[in-house]
Amino acid sequence: MRIHVNDKDYEGDFDPNMPILWVLRDVLGFTGTKYGCGKGLCGACTILVDDQPVRSCSVPVGFAEGKRIHTIEGLENTPYRSLQMAWIKEQVPQCGYCQSGQLMNAVGLLKTNPNPTENEILDAMQGNICRCGTYPRIIKALKTVIENKEA
Ligand code: FES
Ligand code: FES
């Protein structure tokens, strides 16, 4: 099968039932996406499929065939790089483990709603767990990008 990741095509003999996360990390080497709970509960493995946040540990790669997958590695040359810069400026990460999932979830929010209210931000981000409790800095960084219209 063929999948489209970060604007490039990849062909391989992937088992369509294999979770996307396994293909990304173990086959294609996109290790920026993290494995946390493996049960769709923590959000560490969040990627975008056709601009929608998806828990890649719990979705088979067959679901993404013919769709656009984006991972943290694909942000660099997009307007959403501004989110990464804001994360750095606000020193959001602590251990960092959850943060690529947090960022991809935030990108998914801004793609569908570029000017969310505070409640919409909290609602969209609440499913992404951070054991280090960086939530206030995540919200601050996200609001800075929204207020400055940087994405
Ligand atoms: S590792 Fe996928 S949701 Fe936790
Ligand atoms: S920064 Fe450590 S889990 Fe979020």
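**Close-up views of the predicted model**

**View 1. Valine 5 and its partner across the β1–β2 pairing.** Valine 5 stands opposite lysine 8, a residue of β2, in this model, which is predicted rather than determined by experiment. The strands concerned, β1 and β2, are paired in the antiparallel sense, and four bridges join them.

**View 2. The open sheet and its edges.** The sheet is open and is built from five strands, which follow the order β2-β1-β5-β3-β4 with mixed pairing. At the edges stand β2 (8-11) and β4 (52-55), and because each has a single partner strand, one side of each is left without a neighbour in the sheet. From one strand to the next, the twist averages 40°.

**View 3. Helix α3 against the sheet.** Helix α3 lies across two strands, β3 and β4, and its direction makes an angle of about 30° with β3.

**View 4. The largest nonpolar core.** This core comprises 38 residues, and those with the most contacts inside it are Ile20, Leu83, Leu103, Ala106, Val107 and Ala141. At least two core residues are supplied by each of β1 (2-5), α1 (20-27), β3 (46-49), α2 (81-89), α3 (99-112) and α5 (135-147), while the largest share, six residues, comes from α3. Because domain 1 (2-73) and domain 2 (81-147) both give residues to the core, it lies between them.

**View 5. The surroundings of leucine 103.** Leucine 103, one of the residues with the most contacts inside the largest nonpolar core, touches Ile72, Leu83, Gln84 and Trp87 when residues up to four places away in sequence are not counted.

Conventions
Residues are numbered from 1 along each chain as its sequence is written. Chains are lettered from A and ligands numbered from 1 in the order in which they are written. This is a predicted model: local features need pLDDT of at least 70, side-chain atom pairs count only at pLDDT 80 or more; totals for chains, interfaces and linings use all residues. A nonpolar core is a set of buried Ala, Val, Leu, Ile, Met, Phe, Trp, Tyr and Cys residues joined through C-beta atoms within 7 Å. A residue is buried if 20 or more other C-beta atoms lie within 10 Å of its own, exposed if 12 or fewer, and partly exposed in between; C-beta atoms are placed from the backbone. Domain bounds come from an automatic or database domain assignment. Two residues are in contact if their C-beta atoms, placed from the backbone, lie within 7 Å. Two strands pair if DSSP finds at least two bridges between them. Axes are lines fitted to C-alpha atoms, for helices over the stretch in contact, and angles run from 0 to 180 degrees between N-to-C directions.
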